[in-house]
Amino acid sequence: MRRIYFIVMSILLLAPIVSAQETAKKQTDHPSGVDKGLENISKQSIEAALSFLASDALEGREAGKNGGLVAAEYIKSVLKEQGIKPFYDSYFQVFEAYSPVREKGVEFQVDPDSIAKYKSERAFRKLNLQNVVGYIEGQKKEEYIVIGAHYDHVGIDELLVGDQIYNGADDNASSVAAVLQVAKAVVTSGEKPLRTIIFAFWDGEEVNYLGSEYFVANFKSLQAIKAYINLDMVGREGGVLPIFHPKFRVPENARQPLRKENKWTHILYSEKLEKVKGLLLEDIEKYRLNITPKLNVIPPKSHGSDNLSFSLRDIPEVWFFTGLHPDYHTPWDEVETINFDNLTNITKATYLVLWDLANE
Ligand SMILES: [Zn+2]
C-alpha cells in the first residue's frame, strides 16, 4: 500500500512539474506550417526587393515625390502577387499632411485641428501621401497585430557635389524587404493565425512619422491592436542606439565607424511585452538563427521611428533595429553596405515573433 501510495503521490506531485514544462515548451511550439513559411524566407528575394527600392531610379523615395510613389506601387504589386488582401478598399491609405509656410519651421501634421488652422493662413504647404496596407485575416477577425516599416526616405539634395541621392538602403529599404518576405512566409505557412495580421508600409516617417500617425489616429478600434512590431534600419549590425527622449537625437559616437566585432541586433520591447524576450531567445535557439540579439526595454513614448505613433496610445511595441552608423542619412547608405545574411536572420526572427504574438 505504502508503495502504491508512494507511486500515486509521486505521480500527483510530479504531474504539475511535467505540465509546467510541457506548457513552457509549448510557448514556442508553432503550428506545423510555420516551419514551411520560415524555410520560404529567402536571402535572394530580400536582396532583389532591397536593391530595387534603394536604386538610384527611386531617387531616395522622398514622401510625396515620384520616387516615393514608385516605391508604393512596387510594394502594392508584391503584396497582390503574394495574395495579401488590401486592408481598406484599396491597398493605398491615401491622406494629406499640412504645414504653415517654411519660414515658420513648423512640422507637417495630419490631425484635423492643425490642418484647419494651417489652411486658415494666407499660405500653407500640402503633402499628398499614401500608406500601403494589407492583411491576413485571423480566427479572431477583430483582434490585430500590426507589423510595419516606413518606405519613404529623404530623397535627393541637388546642391550636393557628387552623389546627390540618399538611397536609404538600410533606412529603410532593408525593413520593407524584410516585412514583404514575412508576409509571404505567413501565406506560405498555410496556417490561419489566431489574430488578424496587418502589414503596413508607412509614408512620411522621415517628415514627422506622418503615415503611422494617420493610421493610428483613424483606426476604428485602437484597443483591438494588441501589439505593434516595428522594423526600422535592420540592414547592418552592431550599431548605436539613438537618444529617444525628449526628442530623437543622434549621439556623437554614432558617427564613428562600426566595429567589425560588434554583431548585435537591437530588439527593443515595451515592458508589457517582457514575454517576447523569452519567446525570441527560444525561437533563436530552436531554429538555430545566427543572430546576436541585444534585448532592451524601450521607455514608453520613445521617439525614433513609427513605434512612437503606437506608443503614444499605449499600444505595446517591439522594434527590430541594427543601430545607427556613420552612413545614416547620407548618400552612402547604399546597397553595398547591407549585411544580407544578418538581415535574412532578422527577417526569420521577426516572422517567429509575429507568430508568437499573433497566436498568443
Ligand atoms: Zn528610418
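1. Let's start with helix 6 (residues 169-189) and helix 11 (residues 340-359): in this predicted model, the two pack with their axes 9 Å apart, at an angle of about 50 degrees. Helix 6 and helix 11 are therefore oblique to each other, and their crossing is right-handed.

2. Who touches whom in that pair? On the helix 6 side the contact is made by Ser174, Ala178, Gln181, Val182, Ala185, Val186 and Ser189, and the partners in helix 11 are Leu343, Thr347, Thr350, Tyr351, Leu354 and Trp355. Sorted by class, the contact of helix 6 with helix 11 comes out at eight nonpolar and five polar residues, with no charged ones.

3. Helix 6 also packs with helix 4 (residues 66-82). Here the axes come within 10 Å and cross at roughly 15 degrees. That makes helix 4 roughly parallel to helix 6, and this crossing, too, is right-handed.

4. For the residues behind that second contact, look at Tyr74, Ile75, Val78, Leu79 and Gln82 in helix 4, which meet Val176, Leu180, Ala183, Lys184 and Val187 in helix 6. The split for the contact of helix 4 with helix 6 is eight nonpolar, one polar and one charged.

5. Now the metal, which brings helix 6 back in. The zinc ion is coordinated by His150 through NE2, by Asp171 through OD and by Asp232 through OD, with Asp232 listed twice, at 1.9 to 2.7 Å. Along the chain, the donors follow the spacing H-x20-D-x60-D. His150 sits in strand 4 (residues 140-150) and Asp171 in helix 6, so this pair ties together parts that are 21 residues apart in sequence.

6. If you care about the geometry of the zinc ion, what are the angles among its four donor atoms? They run from 51 to 148 degrees, and the site is irregular. As a yardstick, ideal angles at a metal are 109.5 degrees for four tetrahedral donors. A tetrahedral label would need all angles between 85 and 135 degrees, and the range of 51 to 148 degrees at the zinc ion goes outside that.

7. One last residue to click on is Lys348, found in helix 11. Which residues is Lys348 in contact with, leaving aside its neighbours within four places in sequence? Those are Leu38, Ile41 and Leu289. There is also a C-alpha pair to look at: Lys348 and Ile284 are 64 residues apart along the chain, and their C-alpha atoms are separated by 9.1 Å.

Definitions and conventions: Residues are numbered from 1 along each chain as its sequence is written. This is a predicted model: local features need pLDDT of at least 70, side-chain atom pairs count only at pLDDT 80 or more; totals for chains, interfaces and linings use all residues. Side-chain values use heavy atoms; hydrogens and water are left out. Axes are lines fitted to C-alpha atoms, for helices over the stretch in contact, and angles run from 0 to 180 degrees between N-to-C directions. Helices (H or I, at least four residues) and strands (E, at least two) are DSSP runs, numbered from the N terminus. Angles under 35 degrees count as roughly parallel, over 145 as roughly antiparallel, 65 to 115 as roughly perpendicular and the rest as oblique. A crossing is left-handed if the near helix is turned anticlockwise from the far one by less than a right angle, and right-handed if clockwise. Contact means heavy atoms within 4.5 Å. Ala, Val, Leu, Ile, Met, Phe, Trp, Tyr, Cys and Pro count as nonpolar, Asp, Glu, Lys and Arg as charged, and the others, Gly among them, as polar. Donors are N, O and S atoms within 2.8 Å of the metal (3.2 Å for Na, K and Ca); water is not among the atoms, so sites may look incomplete. Four donors count as tetrahedral if all angles lie between 85 and 135 degrees; four count as square planar and six as octahedral if opposite donors are over 155 degrees apart and all others between 65 and 115; anything else is irregular.
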